[in-house]
Amino acid sequence: MSEKNQFCDCNVNIDENYLISLLADEIAKSIENKYKNFVKRELPKIPVGVSNRHVHLTEKTFHKLFGEETKFESLRPLYQPGEFASKHTLTIVGSKLRCIENVRILGPLRKYDQVEVSLTDSIYLGIEPPIVNSGSLENAAPLTLVGPKSSIYIERCAIIANRHIHMNSKEAMILGVKDGDLCKVRIQGIKSTIFENVLIRINDNWRLQIHLDTDDANAAFIKGEAYAEFLGKM
């Protein structure tokens with residue numbers, strides 16, 4: 001008996017392309033199983049923080065509005081470590097002499113005076129603040145701040161803060177972003193909404209959270225606890 005017949009006693013024609021297809025399927029399954037956990041890795045849900053209108057002040061401005069003897073005191077801590085809502089509020093007055101009372105000052109005190117409002121607030125006050133990142137006051141709108149001891153007109157202080165995400169460097173690595181990137185997110189719900197041009201801000205002292213103003217939050221019908229889904233960079 002020939003060597004060929006020792007292993008096969010029948011004549012079978014096997015399609016070479018069929019064998020290649022089977023081999024390719026097995027390799028694909030092997031790769032899929034090996035990297036299954038990586039491929040199906042879930043990105044972290046991003047807690048939503050809604051920022052109502054608020055004020056940041058320098059120590060000099062605070063004492064002018066509230067008196068030299070007044071101590072700047074915390075009322076309650078905020079989500080980000082080291083930040084807090086203070087016990088102090090003031091009134092902001094726009095160009096139409098319309099005012100919004102009881103606007104909370106956030107701490108700690110800063111190196112610049114800044115008032116963050118929503119578009120709705122700005123229309124009521126009669127001002128046109130730019131949509132910029134916090135601290136960008138070159139084109140900020142004017143407001144008069146009224147405290148219990150005094151008032152002060154600040155020519156450049158009012159902005160509409162660009163929607164942004166706070167995160168640390170580890171979370172940034174997971175999401176594949178760097179400081180200053182713009183991304184888009186989705187908030188599920190009865191009025192599911194996708195927000196674009198969301199700024200990435202990175203600091204290892206921060207906790208993961210997206211900040212929206214009240215106009216954005218109302219557009220997405222956010223009530224209570226909510227989370228955003230990261231959809232990628234712009």
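# Exercises on a predicted model

Phe62 and Phe66 are both buried, and this pair opens the exercises below, which deal with a predicted model.

## Exercise 1: a pair of rings in a helix

Task: Determine how many residues apart Phe62 and Phe66 are in helix H4, and what kind of aromatic pair they form.

Solution. Begin with the sequence: helix H4 covers residues 59-66, and within this helix Phe62 and Phe66 are four residues apart, so about one helical turn separates them. Next, look at the rings: of the three aromatic pairs counted in the model, the one formed by Phe62 and Phe66 is stacked, with 4.8 Å from centre to centre and 20° between the planes. The label follows from the angle, because planes under 30 degrees apart count as stacked.

## Exercise 2: from a pair to a cluster

Task: Find out which parts of the chain the pair of Phe72 and Phe84 ties together, and name the aromatic cluster to which these two residues belong.

Solution. First consider the geometry: the ring centres of Phe72 and Phe84 lie 5.8 Å apart and their planes meet at 45°, so this pair is tilted. Then place the two residues: Phe72 lies in the loop between H4 and strand S3 (74-77), while Phe84 belongs to strand S4 (residues 84-93), so the pair ties together parts that are 12 residues apart in sequence. Phe84 has a relative accessibility of 16% and therefore counts as buried, since the limit for that word is under 20%. Finally, put the rings together: Phe62, Phe66, Phe72 and Phe84 form one aromatic cluster.

## Exercise 3: the surroundings of helix H4

Task: List the buried residues of H4 and state which strands they pack against.

Solution. Reading along the helix, the buried residues of H4 are Thr61, Phe62, His63, Leu65 and Phe66. These buried residues pack against S4, strand S5 (99-107), strand S8 (141-146) and strand S9 (151-161). After H4 comes Gly67, and this glycine has a positive phi, near 105°.

## Exercise 4: a strand covered on both faces

Task: Sort the buried residues of strand S10 (residues 164-167) by the side on which they lie, and describe how S10 pairs with S12 and S13.

Solution. Start from a general rule: in a regular strand, side chains alternate between the two faces of the sheet. In S10, His164 and His166 lie on one side and Ile165 and Met167 on the other, and as all four are buried, both faces of the strand are covered. Now turn to the neighbours: S10 pairs with strand S12 (residues 193-202) in the parallel sense over four bridges, and Met167 stands opposite Ile202 in S12. With strand S13 (residues 209-213), S10 pairs in the antiparallel sense over three bridges; here His164 has His211 as its bridge partner, and Ile165 stands opposite Ile210. The last step is to place these strands in a wider arrangement: six strands close into a barrel in the order S1-S13-S10-S12-S11-S14, with mixed pairing, and the twist from one strand to the next averages 45°.

## Exercise 5: backbone angles

Task: Decide whether Leu97 and Asn197 are buried, partly exposed or exposed, and give the phi of each residue.

Solution. Leu97 is found in the loop between S4 and S5, and has a positive phi of about 60° although it is not a glycine. Its relative accessible area is 73%, so Leu97 is exposed. Asn197, in strand S12, is not a glycine either, and its phi is positive at about 55°. With 41% relative accessibility, Asn197 counts as partly exposed. A further backbone feature is the cis peptide bond that joins Gly107 and Pro108, with omega about 0°; Pro108 lies in the loop between S5 and strand S6 (114-116).

## Exercise 6: cysteines

Task: State how many disulfides the model contains, and compare the accessibility of Cys99 with that of Cys157.

Solution. Recall that a disulfide is a covalent bond between the sulfur atoms of two cysteines. Searching for pairs of cysteine sulfur atoms within 2.5 Å gives a count of zero disulfides. As for accessibility, Cys99 stands at 33% and so counts as partly exposed, whereas Cys157 is buried, with a relative accessible area of 0%.

Definitions and conventions. Residues numbered from 1 in each chain as written. Predicted model: local features only at pLDDT ≥ 70, side-chain atom pairs only at ≥ 80, totals over all residues. Heavy atoms only, no water. Buried < 20%, exposed > 50% of the residue type's maximum accessible area, 1.4 Å probe, protein only. Phe/Tyr/Trp six-rings, centres within 6.5 Å; stacked < 30°, edge-to-face > 60°. Pairing = 2+ DSSP bridges. Contact = heavy atoms within 4.5 Å. Axes fitted to C-alpha atoms, helices over the stretch in contact; angles between N-to-C directions.
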